[in-house]
Protein chains: 2
Amino acid sequence: MSKIFRRLVDVVEAVRLLEEALHPSPLGVERVSLDKAGGRVLAEDIVSRIDVPSFDRSLRDGYAVRYEDTSHAREDDPVKLRIVGEVEAGSDKVLYIRRGEAAKIATGAPIPGGANAVVMVEYTREKDGYVYVYKQAKPGEWIQYAGSDVMYGEPVLRKGIILGGREIGVLAAIGVTEVPVYKRPRVAIISTGDEIIRPGDPLKYGMIYDVNAYTLYTRLLEDGAEPEYLGIARDSPKELESLLSRAIGDYDVVVTSGSTSVGLRDNLYKVLSKMGGRGILFHGVKASPGKPTMAAVVEDKLVIGLPGFPVSCLMMYDRIFSNIIRKMSGLGAVEKPRIKAKAGFILRGREGVKYYHPVFLKKVDGKTYFYPIHGGSGAIAALANADGYVEIPENVTYIDVGEELEVSLFSSSIRPSDLIIVTSHSIALDNLIRAFKNSLPEANVKNIYGGSTAAVYAIRDGYNDFGGMHILDEETGEYNIPFLKSIDIRDIVLYRGFLREIGFAVAKGNPKKIRGFNDLLREGIRFVNRTQGSGTRVFIDINLRRTADEQGISFDEVVSMIEGYNIEAKTHTSVVASIESGKADVGVVTRPATIDRDVDFIPLGWENYDLIVNKRSLSSSGMLKAFIQFLESDVARRILRSVMGIKLDDRYMSVLLEL
Amino acid sequence: MSKIFRRLVDVVEAVRLLEEALHPSPLGVERVSLDKAGGRVLAEDIVSRIDVPSFDRSLRDGYAVRYEDTSHAREDDPVKLRIVGEVEAGSDKVLYIRRGEAAKIATGAPIPGGANAVVMVEYTREKDGYVYVYKQAKPGEWIQYAGSDVMYGEPVLRKGIILGGREIGVLAAIGVTEVPVYKRPRVAIISTGDEIIRPGDPLKYGMIYDVNAYTLYTRLLEDGAEPEYLGIARDSPKELESLLSRAIGDYDVVVTSGSTSVGLRDNLYKVLSKMGGRGILFHGVKASPGKPTMAAVVEDKLVIGLPGFPVSCLMMYDRIFSNIIRKMSGLGAVEKPRIKAKAGFILRGREGVKYYHPVFLKKVDGKTYFYPIHGGSGAIAALANADGYVEIPENVTYIDVGEELEVSLFSSSIRPSDLIIVTSHSIALDNLIRAFKNSLPEANVKNIYGGSTAAVYAIRDGYNDFGGMHILDEETGEYNIPFLKSIDIRDIVLYRGFLREIGFAVAKGNPKKIRGFNDLLREGIRFVNRTQGSGTRVFIDINLRRTADEQGISFDEVVSMIEGYNIEAKTHTSVVASIESGKADVGVVTRPATIDRDVDFIPLGWENYDLIVNKRSLSSSGMLKAFIQFLESDVARRILRSVMGIKLDDRYMSVLLEL
């Protein structure tokens, strides 16, 4: 079953191999109408075949004169000129004026022959076929000369520029209607994997929605390509080969995701090796995430094999292939926008690979810090939270707090967040954050889900402004306060939050008739536990100790009797999913996590979900103050009370502890 | 005829009036498919209705185990587990493993019940239905838990964000296929003016192509609107009113250009005043260019009246209306990208108005300078050359060299130029620049046309790297050297360029039979002169002095006999256009300016078009050095020799003078 990557290349070498094999450049020229040309890349130099304007033109309403006739004109002693005609804008009349003559003229109208200046109407008076001019005219005054904007034969736009409003304006001015632009490379997108289904299809057990086809589609559009999604190839070499052959025949580039590693199901390398052309350029990149990345040239077409994990897929597209596609579309390579920032938290590298770490940015006391976003290469949601990424080179084991690095931003419009909320997940708190955001759309709130302890430590480490926690102390049976007192932490304020109902999730109709913790000890009951350190795990263990006492046996004996005590789900919803799929019979969750799910809820009690605030942020962040004011409002109370399984007591938003 | 703006508002007040009257915000929500959602603005918060992944999932090929079973596994002493089944990716089989058991598992496949870790295949050996595990597994190792990427009920995207690849990926991951996005405001574009025709229509005398409709179309698209060009309204209040009424009925916003001033033809104010609604918000802005700008609300629809001159039109759209449209489309207001730069040249303000001066950027000795681009509010080509603009406040008369200002950039991708070429226009030199650019696509060359003296003074003033000149000395009959010696200038090198044929442009067939300068004195011959200071003007005057000597009369007498001596065209092509239109019978031009034109050329002699180089740039700009090397190449010589009316002598590219 096992096989290894033959030779890993680094990212720079991967790009070099592609450049050498392809010399990526535009694939041809097409002509589009002016209204479709915005954002496209000009494919030819444009030389004007007319003068703009094509005639000498008046820039004001007034009278066309010979300036030398007005040299004695004064405010109290006008010069009198005979009006020999009138020229309207758009007129093709060719007048000629001689000494002592003038012609009435409108803005935009052609200057008569013989005239060399225009006097604005404000400085004239017309009477009985004569105009009295009260101001001396300067040579050429208020005349826009033929060709003074664009001359016949003048190169007005160089090929390779991206057409925006100003360039489109120049093309219109010289009468161009069809613009030569580079053809967009046509790119086929293929996803692979038996477990992949299209968004919109019903989600069956074991299946996941195709993410990569859609992220790649959007990125390819941004890079000037014309993408088309051909569908999902099952894990069969035959099916993959037939889809690939069709794509290579019909498109300029083929981009696949998944099937690029060295496992049994990873067919891409095998299939591409057998096809014609220059073959595999590289297979395996010294990068993380993104090691299983490959590229091949088949029948002169580039075939890109990206990893199946969404983060790996997108990062490797960005780092290695995006600029290749941009060169093919004529947009040209771009440097990612970067800013310098200090590490707010320690970041570890990975041995033997360049490590790309998604990060978010936060301004602290006027300085910009970056913090890692965790989630792994499979987690697209974490990536959407990230503002950019840092590169940790191969030979670096870690980046220490305070070290400065360049952060490659995902977009140039990104700005550091106003308010960071790292919190244990709560649907009730989500509703509050959403309402706050709606009331203050300019707030740039970053919301990251972790456990209760993650929320606390993120305050200690400086980047978290606000969070929610629910950690029960085994000895006192008290929530949150003992835990916070037990660790060495400062600058944290604990506010009373809300009560959250906690209980068993069981299959619909509770077929195994589970009522209490002693039922978990029964033969044939499959439990699903929560991870150590979670508030719910503490609640479970306290109850199991009580069960042990009641039954006169030790805690360890109780635990050994529970099938699944060592199966630890990381989230409430993971527990619910285990029950729904039939993998387990029972687990402990909050009531809100069971709303609209295919499980029943057996109440066991209420836990305290309290709120923690970073005191240092409180003095520096106006947005945090605004959020706390919002939490204290009646609106916030109403929102909380409307969630099933949530209760407020009269201490809501009072300070429980200040460290 | 005259009428004045009632009350001018400044730009800030104009924006405030619009904000107050309209409270610009998105106009509604529509649903688009995922592949059409890139770049659109999310109109609703998105809450996940599934867990991602929806089941615990293996992150590696290997064996699903209970980690506690592997606690004694070592490299030389494996643990033996019974294989109870195999799980493929996409399988909906629900396996359950007990103590001492394992299941073969593929990357992406669902974790069997009872298992709490995956051992990578690299650390196992399979034999006779058993797997030997050589490494201890950690709890949860290589498992991606259900909901660990996105939890059921988790708000994944907030409304108001612009959808890019990462966000589209999140939507795909949670199975969304139709995305709620803000509707694009539908904007009608109307141009006005009897002299305006559509690009593509034949260019008759006195007509100019519509520029504004196309620049606005492109800018509106960029700002998230859906523009439609309704056409050109003639200068009739009736026609304008009927087109406006239709547009107001059918569209969300109407944008017009032209007809906004206070002249006779300026119908927009009169027409809008009579229509219903809140009426005129403002008419006239204290800005230059852009004074004749207005806005009205008719039947709750915004009607924007922009100036007819292309630069004014685009600048006022950018400064006043762009962010209003962006708020309607949901994209939200943006600040223009800005950089600080020093004035490289003196810039004058205008009394009583805020003056927006288009500028270009140049790096000199590592510092960024800005330089004004001249051309006037009617000149779209000058605007296309600009990198951005500076604002000169109302009460400031000038900005001195070295003063630092903020430059508002036209795009965030703009970078200062490598090589500035301010030059007297020459088709032959254009061809050289084009060939150089083609050979070195990354060169960022800015090419600005001025006269010979402008080219020289732009070197003195520091911003010009290279130019071409042809200034004849009246006394010596020598080109360029006497002029350069006569002015106080340093750091300039004059290279021999090429010879350019000079002669009369006359109507086809030369009906007035013009052969030499004495023909200009004949009755009924209408001459068109060139501006004072141009090389050609000097050539003309030298020849007229000779004519005076021959005829035994004074120069002044000769001049007074020439009809049109005081009609000064600014460019060669302006002279040609005058002959073509019949406004004049004869003028002096270079032969290349007559190629493909509707005139005949009567040769008079050859002038020296020589090349000047900024010596300071030569030491700092690699691009200038590369350009000079290119000029010295055989390729450059071939290009020059291929232009009709161009000749090289054997001193081409030798240094004539060094100051």
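What rotation superposes chain A on chain B, and with how much shift along its axis? I started there, bearing in mind that this is a predicted model.

**Entry 1: symmetry.** I found that chain A lands on chain B after a rotation of 180 degrees with 0.0 Å of shift along the axis, at an RMSD of 0.2 Å. That is the relation of a two-fold axis. I then looked for the residue of chain A that comes closest to the rotation axis, and it is Ser412(A), with its C-alpha at 4.2 Å.

**Entry 2: the interface between the chains.** I looked up the contact next: 126 residues of chain A touch 126 residues of chain B. I noted that 100% of the interface residues of chain A are also interface residues in chain B, so the copies meet through the same surface. The two chains bury about 10400 Å² between them, with 61% of that on carbon and sulfur atoms. Tyr152(A), Arg166(A) and Tyr205(A) supply 8% of the area that chain A buries against chain B, more than any other three residues.

**Entry 3: polar and charged pairs across the chains.** I noted 11 salt bridges between chain A and chain B. I picked out the pair Glu563(A) and Arg98(B), whose side chains meet in a salt bridge at 3.9 Å, N to O. That one made me check the cut-off, which is 4 Å. The rule also finds 26 residue pairs in polar contact across this interface. Among the elements giving two or more residues to chain A's side are helix H2 (165–173), helix H8 (427–439) and helix H13 (572–581) of chain A. That side divides into 58 nonpolar, 33 polar and 35 charged residues.

**Entry 4: inside chain A.** I turned to the domains, of which domain 1 (11–26 + 184–323) and domain 4 (338–413) of chain A caught my eye. Their centres, taken over C-alpha atoms, are 26 Å apart. The contact takes 16 residues from domain 1 of chain A and 18 residues from domain 4 of chain A. Together these domains bury about 1400 Å², 65% of it on carbon and sulfur atoms. On the domain 1 side, Ser288(A), Met315(A) and Arg319(A) lose the most area, together 39% of what that side buries.

**Entry 5: what joins these two domains.** I found one salt bridge between domain 1 and domain 4 of chain A. Glu391(A) and Arg319(A) meet in a salt bridge through their side chains at 2.8 Å, N to O. Five residue pairs are in polar contact across this domain interface. On the domain 1 side, strand S19 (287–288) and helix H6 (310–329) of chain A each give two or more residues, and H6(A) gives the largest share, eight residues.

Methods. Residues numbered from 1 in each chain as written. Chains lettered and ligands numbered in written order. Predicted model: local features only at pLDDT ≥ 70, side-chain atom pairs only at ≥ 80, totals over all residues. Heavy atoms only, no water. Contact = heavy atoms within 4.5 Å. Buried area = accessible area lost by both parts, 1.4 Å probe. Polar contact = N/O pair within 3.5 Å; in protein donor to acceptor, adjacent residues only side chain to side chain. Helix = DSSP H or I, 4+ residues; strand = E, 2+ residues; numbered from the N terminus. Nonpolar A, V, L, I, M, F, W, Y, C, P; charged D, E, K, R; others polar. Least-squares fit on C-alpha atoms with pLDDT ≥ 70 in both. Domains from an automatic or database assignment.
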